[in-house]
Amino acid sequence: AAAALAPHFAVVLLLLAISVGMWWQVWVTGHPSSTVLCECGDPGQAVWFMAWVPWALTHGHNPFLTGEIFAGQGGANLLDSTSYLLPSFVMAPLTWLSGPTVSFNVVETLAPVLSGWCMFIAARRVTRSWVAGAVAAVLWGFSPFIGSALEFGHLNFALLFFPPLVFVLVFDLVSTDRRPTLLGMDLCLLSIAQFFSGTEPLAIFSIGALVAAIAAVAMAPRAFWRCRRRLALAGAVALVGTAVVLAYPVWFLLAGPRHIVGQPWPATPFLGARLSDTLNPGSGTHAASPFSEIGGYYGRPGPGTSYLGSPLLVGLAISVPLWWRQRLAWVLVITGGAAWLCSLGALLMPLS
């Protein structure tokens, strides 16, 4: 057991060392109860979200709806906002003990560690090499996506445990003898956890999963047909369980008190990465992560490969000669390419 856990323990330590180095000004030169990365608006909102669920629980309030903000207008529907109720709930003991700023900084520090470790678990399904798995963990945990989310305190986007763990469940479903009902229950619990950690990432990753599923069926139709009953059973269990648990929260999000009608941000259809942000050099903003090249969060031109990140491009260049014959690799490439195209936003469908 110790030998099996040792690789996981080592990669967690590696990720934690990098993350603590990123937040040096919080844990070493500053103090976690009074220091945040930046004094911009979103980290302050994130600290408030960390405080909300513990406060709501102790005061008998519905955690989905707060009257502590916009009180004169009926409050705010937190499921319609960029809240993360599950992390706030999990960190409640620390929040009660040390305050929400400490909890926020702990989650900021551990988010890339958790995300990277989940990717390490996924990588171990296709390679036994610790080095390869550790590289995957670092590239995922400190990707531009997570780096930019951490910089602005967007914990709902920094906790990227969902995609790699879904990959693990699907991989086990098609390549092992594990009971599909149990895997379906795991997928149900994982989807519920993601819903309460961030609804936006759940929607994004659901679209990506659909693309991946279509690509996988197209590239391996016989394998799909052999596994069709296991896939259908696991999917049905996951769908029914998730629907039962999330029926009320989804109603609350879409039609509950103070739900959002129309577009909260009128400029949203025009936003998206610029093609130059991902292909050509430019000048960018400060990157929160040493592995990120964050460019144009608000549409400003960013450094080259700001969407992908140079380390990932190097990794792809190295891995292509090793994996180009593998259908699984091509499914992942197709899914990633679709995500890149979606990031271009209105460039795909110019609006008059």
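Let me start with Cys227: in this predicted model, that cysteine has 11% relative accessibility, so it counts as buried. Cys188 is buried too, because its relative accessibility is 8%. How many disulfides does the count come to? The count comes to 0 disulfides, since a disulfide would need a pair of cysteine sulfur atoms within 2.5 Å.

Okay, let's step back to the whole chain. There are 352 residues, and 39% of them count as buried. The secondary structure comes to 17 helices and 2 strands. For those of you who like contact statistics, take the contacts between residues at least 6 apart in sequence: 72% of them join residues at least 24 apart. On the surface side, the protein chain exposes about 18,600 Å², and carbon and sulfur atoms supply 72% of that area.

Now to the helix packing. Two packed helices are described by the angle between their axes and the distance between the axes. I have three pairs for you.

Pair one brings back Cys188. Helix 11, residues 180-195, and helix 14, residues 228-255, have axes that come within 7 Å and cross at roughly 25 degrees. An angle under 35 degrees counts as roughly parallel, so helix 11 and helix 14 are roughly parallel to each other. Their crossing is right-handed. Which residues of helix 11 make the contact? Cys188 is among them, along with others including Pro180, Thr181, Leu183, Gly184, Leu187 and Phe195. On the helix 14 side, the contact residues include Arg230, Leu233, Ala234, Val237, Gly241, Val245, Pro249 and Leu253.

While we are on helix 14, have a look at Ala236, which is in that helix. Is Ala236 buried or partly exposed? Its relative accessibility is 36%, so it counts as partly exposed. Ala236 and Thr181 are 55 residues apart in sequence, and their C-alpha atoms are 8.8 Å apart in space.

Following the chain past helix 14, we get to Arg258, in the loop between helix 14 and helix 15, residues 275-279. Most residues other than glycine have a negative phi. Arg258, though, has a positive phi near 60 degrees. With a relative accessible area of 38%, Arg258 is partly exposed.

Pair two is helix 6, residues 100-123, with helix 10, residues 162-175. Their axes come within 8 Å and cross at roughly 20 degrees. That makes helix 6 roughly parallel to helix 10. This crossing is left-handed. The meeting residues are Cys118, Met119, Ile121 and Ala122 in helix 6, and Pro164, Leu165, Phe167 and Val168 in helix 10.

Val126 belongs in this part of the story, as it lies in the loop between helix 6 and helix 7. Leaving aside neighbours within four places in sequence, what is Val126 in contact with? The list is Phe167, Phe171, Trp323 and Leu328. Val126 and Phe171 are 45 residues apart along the chain, with their C-alpha atoms separated by 9.3 Å. Val126 counts as partly exposed because its relative accessibility is 34%.

Next door in the numbering, please find helix 8, residues 144-151. It is mostly covered, with 7 of its 8 residues buried. The buried ones are Pro144, Ile146, Gly147, Ser148, Ala149, Leu150 and Glu151. What covers them? The cover includes helix 1 (2-22), helix 6, helix 7 (130-141) and helix 9 (155-158). Just after helix 8, Gly153 takes a positive phi of about 70 degrees.

Pair three is helix 12, residues 199-219, with helix 17, residues 327-343. These axes come within 9 Å and cross at roughly 145 degrees. The crossing is right-handed. From helix 12, the contact is made by Gly208, Val211, Ala212, Ala215, Ala216 and Met219. Helix 17 contributes Arg327, Trp330, Val331, Ile334, Thr335 and Ala338.

One more stop, towards the beginning of the numbering. Where is Thr35? It is in the loop between helix 2 (24-27) and helix 3 (41-59). Thr35 has 17% relative accessibility, and because buried means under 20%, this loop residue counts as buried. Beyond its neighbours within four places in sequence, Thr35 is in contact with Gln25, Val26, Gly30, Thr101 and Asn105.

That's my tour, thanks for listening!

Definitions and conventions
Residues are numbered from 1 along each chain as its sequence is written. This is a predicted model: local features need pLDDT of at least 70, side-chain atom pairs count only at pLDDT 80 or more; totals for chains, interfaces and linings use all residues. Side-chain values use heavy atoms; hydrogens and water are left out. Buried means under 20% relative accessible area, exposed over 50%, partly exposed in between (1.4 Å probe, protein chains only). Helices (H or I, at least four residues) and strands (E, at least two) are DSSP runs, numbered from the N terminus. Contact means heavy atoms within 4.5 Å. Accessible areas come from the Shrake-Rupley method with a 1.4 Å probe; for residues, only the protein chains shown count as cover. Axes are lines fitted to C-alpha atoms, for helices over the stretch in contact, and angles run from 0 to 180 degrees between N-to-C directions. Angles under 35 degrees count as roughly parallel, over 145 as roughly antiparallel, 65 to 115 as roughly perpendicular and the rest as oblique. A crossing is left-handed if the near helix is turned anticlockwise from the far one by less than a right angle, and right-handed if clockwise.
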